[in-house]
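Here are some short exercises to work through with the model open beside you. Try each task before reading its solution.

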Amino acid sequence: MQSPPDFFKTQYWHRLDDGRVVCDLCPRHCRLRDGKLGACFVRQAHNGEIVLTSYGRSSGFCIDPIEKKPLNHFYPGSSVLSFGTAGCNLSCKFCQNWSISKSRKIDTLGQQAMPEQIAQAAKSQGCDSIAFTYNDPVIFLEYAVDVAQACHEEGINSVAVSAGYICDAPRIDFFRYMDAANIDLKAFTEHFYHKICSGHLAPVLDTLLYLRHETDVWFEITTLLIPDENDSIAEIEALSHWVFDNLGSDIPIHFSAFHPDFKMNDKPRTAPYIVQRAREIAIKNGLHYAYVGNIYDEAGDSTYCPNCSEKVISRNWFQLGQYAVDSTGKCSYCGYQLAGRFAAKKKAFGRQRIPIRIS
C-alpha cells in the first residue's frame, strides 16, 4: 500500500516580501512563517510554500444513509461512505463535531487511505456516493478532489458537507468534482458569523450563489437554530426571502435543533416548536422543500409535492416509508417534476450506521 505523504504540495498561496507565505484557500488568508500551521491545523508553511499535512489520512470511515448529510433530494434512501480528516477553517463555539474539527492531535488521523482505496471500498460496500464530512473538506481540497476523481471512475458520486467558506478560485476547482453538497448556512447575520464562528457571512452567500448559477451541483442548505442567537422570526424570514430571491424555490433547506456542546454548554436545547416554526416560515415564503432535523417529526421530515400537496416521500428519522415518485422524480399523483436527483428504483438503506476500516 502506498503511504500518505507527510507534505502534499498545494496551489493556493503566495509569498510576502518578509518571508511569510499567505494561504489563499479561504477568506482567513493565514500569513505563516515557515513551519507554522494555519488556523485550519492541516495546511502548513513548509520550505516557502503551503502544503497539506492530512493527505491520505482520516479520522474514520462510516457508511451512512444519504439523508444524514442531510440530503433529502439526492438519491433518497441510498448509502454513502462518509469520512473526514481533522481541523476546520472556522471556529464555531457550538461545533457538534469538535473532537474532530478542533483536533490538534495527529492521532485523530488514525486511519490511512489513498484515493483509489476509498473508491474501491465504496464500490465493494455498494455505496452510491462518498461524502466528505465530519470536518470541512475545503481545507483538504487536494485530497478530496483526488478521492472524487477516483470515485467517478467507479461510477460513485461525491458529496461535500461544507460551510462554504472558501475563496473564488479554489471554489471553482473544488466544486468542479462534486456531484452534491450540503452547505451549512450558520446564520443570516454578519454579527453571528463574526462573534460565534470567527468568520464572515458574505463568502458563504457567494458560495451558494456560485453553486446555484454557475454549476450543476445539486445542493441543499442546513441551518442549526441556536436559542436567542439565530432563531428569531425576523432572521428566519430574512434568510427565507434571500434563498427564494437568489436561489429559487426548489433549493431544500433543513432547520436543525441545537444541543449544548463544545463552548456553548450554557445554552438550552432548541425547543421543537422553534424548528417547526422555521420550517413553516420558509414554506410561507415560497420555498417548496423545508425540513426539520435533530427532532422527531415525521411530517416535518417528509417531502410533499409542491403542486398537489400530497406526501410523496415519508421519513421516520432516516428510514424511508411511502415513496410516490418515479425514476425521474415525478410525483406519482399528479406528474409534477420534483427537484433533485432520483434513482430508477427506491433505495432502502435505512437508519444503519456501519463503521468500517480501509486497509
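**Exercise 1. Find the volume of the second largest pocket in this predicted model, then describe its lining.**

Solution.
- Step 1: The volume of the second largest pocket comes to about 190 Å³.
- Step 2: Its lining has 14 residues, and R212, V217, W218, F219 and I251 are the closest to the pocket centre.
- Step 3: Two elements, α6 and β14, each give two or more residues to this lining.
- Step 4: Sorted by character, the lining residues of this pocket are 7 nonpolar, 3 polar and 4 charged.

**Exercise 2. Compare the reach of helix α7 with its expected span, then work out which elements its buried residues pack against.**

Solution.
- Step 1: Locate α7 at residues 233-247, a run of 15 residues.
- Step 2: From first C-alpha to last, α7 reaches 20 Å, which is close to the 21 Å expected at 1.5 Å a residue.
- Step 3: Pick out the buried residues of α7: E235, I236, E237, L239, S240, W242, V243 and L247.
- Step 4: Look at their surroundings. The buried residues of α7 pack against two helices, α6 (202-214) and α8 (272-284), and two strands, β14 (218-225) and β15 (253-257).
- Step 5: Move just past the end of α7, where G248 has a positive phi of about 100°.

**Exercise 3. Work out how many disulfides the structure holds, then check C40 and C305.**

Solution.
- Step 1: The count of disulfides is 0.
- Step 2: Take C40, which is in no disulfide: the nearest cysteine sulfur belongs to C23 and lies 6.4 Å away.
- Step 3: Now take C305. Its sulfur is 3.6 Å from the closest cysteine sulfur, in C334, and this is too far for a bond because a disulfide needs the two sulfur atoms within 2.5 Å.
- Step 4: Are these cysteines buried or exposed? C40 counts as buried because its relative accessibility is 7%, and C305 is buried with a relative accessible area of 2%. The cut-off for buried is under 20%.

**Exercise 4. Place S129 in its strand, decide whether it is buried or exposed, and list its contacts.**

Solution.
- Step 1: S129 belongs to strand β11, which covers residues 129-132.
- Step 2: S129 has a relative accessible area of 0%, so it is buried.
- Step 3: Leaving out residues up to four places away in sequence, S129 touches F74, S79, V80, L81, I156, N157 and V159.

Note on methods
Residues numbered from 1 in each chain as written. Predicted model: local features only at pLDDT ≥ 70, side-chain atom pairs only at ≥ 80, totals over all residues. Heavy atoms only, no water. Helix = DSSP H or I, 4+ residues; strand = E, 2+ residues; numbered from the N terminus. Expected span 1.5 Å × (residues − 1). Buried < 20%, exposed > 50% of the residue type's maximum accessible area, 1.4 Å probe, protein only. Contact = heavy atoms within 4.5 Å. 1 Å grid on protein atoms, 1.4 Å probe; cavity = no way out; pocket = protein on both sides within 12 Å on 5 of 7 lines; lining within 4 Å. Points joined across faces, edges and corners; volume = space filled by probe spheres on them. Nonpolar A, V, L, I, M, F, W, Y, C, P; charged D, E, K, R; others polar.
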